[in-house]
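User: Pick one residue whose setting deserves a close look and take me through it. After that, work outwards to the fold around it, and keep the cut-offs explicit.

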Amino acid sequence: MQRRTILKSALAGMFGLTIGTTKTSMGNGILQERKCNRECSTSFREDSRPFRPDKWGGPNTKGGHTHLQYYIDSRGNDFEESVWDLEIEKSFNCWTKVANLSFEKVDGGEPDIFIGFSRRKRSGFGKSGDVLAWAELPSNRNYDGQLWTMFDSVENWTLERPEEESGVLFRAVAAHEIGHLLGLGHSRYESALMYPYYRDNIETPQEQDDIPRIQRLYGER
C-alpha cells in the first residue's frame with residue numbers, strides 16, 4: 001500500500017482565486033471550490049460551519065510534517081524558467097520566515113506538492129481575469145499525501161505591482177495559494193494575505209490572522 005495519495009481529482013476539492021467582476025458566493029463545504037473577486041461582494045459569506053484547519057502530518061511524524069518538498073511540473077510563458085523558480089521559492093520562503101516550516105525544490109521522487117500551469121477549461125482556466133489559481137488543502141489533521149496548486153497560464157503575470165489593471169502580481173497569488181496548501185482557509189480580515197480577494201499590495205503573511213493561524217498549526221519559527 002502506498003504511503004501517499006494524490007487528491008487532484010476535481011475542482012470541488014480546491015480553493016480558487018479570481019479577479020473577475022462577477023460576484024460569486026463562497027461554497028458551503030470545508031473543501032468546496034471557492035471563487036474570490038477583486039472587490040468585496042455583498043454575496044460573500046463564511047461557511048455555515050467553522051473551517052477546521054488540517055495540516056501536514058503522517059504516522060511517523062511527531063508534531064506534524066514541517067519539511068515539504070515541491071516539484072514544478074510546468075511553468076508559464078511570461079518569464080524564463082529560472083525566474084519562475086525564484087518567484088516560487090520566494091513565495092514559499094515568506095511562510096518559512098514566520099513558522100516552523102521549510103521547503104525544498106526537487107526534480108523527482110515523491111514530492112509533497114506539485115505546481116503547474118494550465119489554460120484548460122477542465123482545470124477551471126482559460127479566461128483572463130477569471131480564475132487565477134487554485135490549491136488543494138490537506139484533507140485531515142494528519143495528512144500524508146500529495147497536493148496540487150495550479151495557475152492560469154493565460155494571465156498576464158508580473159514580478160512587480162502591475163501599473164496596468166490587466167497585470168497580476170504572481171507572488172501575491174502564489175503565497176496565498178501556498179497558505180491553502182499548508183491548511184489555511186480564507187480570512188475575514190481585509191489586511192490578511194488569506195483574505196479571499198486578490199490584492200497586489202499584500203504578498204506575505206500578515207500579523208493579523210495569517211501568522212497566528214499558521215503558527216498554531218506548525219509552531220513558531
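Analyst: Asp112 counts as buried because its relative accessibility is just 2% (buried means under 20% relative accessible area, exposed over 50%, partly exposed in between, with a 1.4 Å probe and protein chains only). Bear in mind that this is a predicted model, where local features need pLDDT of at least 70, side-chain atom pairs count only at pLDDT 80 or more, and totals for chains, interfaces and linings use all residues. Residues are numbered from 1 along each chain as its sequence is written, and side-chain values use heavy atoms, with hydrogens and water left out.

So what does the Asp112 side chain meet? One partner is the side chain of His65, through a polar contact of 3.3 Å (a pair of N or O atoms within 3.5 Å; within protein, one must be able to donate a hydrogen and the other to accept it, and residues adjacent in sequence count only if both atoms are side-chain atoms). A polar atom of the Asp112 side chain also sits 2.7 Å from the backbone nitrogen of Gln69.

Asp112 itself belongs to the loop between S3 and S4 (helices, H or I with at least four residues, and strands, E with at least two, are DSSP runs numbered from the N terminus). S3 pairs with S2 in the parallel sense, over four bridges (pairing takes at least two DSSP bridges between two strands). The route from S2 to S3 goes through H1, and this β-α-β crossover is right-handed, which means that, with the strands pointing away from the viewer, the path from the first strand over the helix to the second runs clockwise. One bridge puts His67 opposite Ser102 in S3.

Now for the helix in that crossover. H1 spans residues 81-96, and its 16 residues reach 23 Å from first C-alpha to last, close to the 22 Å expected at 1.5 Å a residue (that is 1.5 Å times one less than the number of residues). Its buried residues include Trp84, Ile88, Phe92 and Trp95. Their cover includes strands S2, S3, S4 and S7 plus helices H2 and H3.

Zooming out, the protein has three helices and eight strands, running β-β-α-β-β-β-β-β-β-α-α from the N terminus on. Of its 221 residues, 52% count as buried. Among contacts (heavy atoms within 4.5 Å) with a separation of 6 or more, 66% come from residues 24 or more positions apart.
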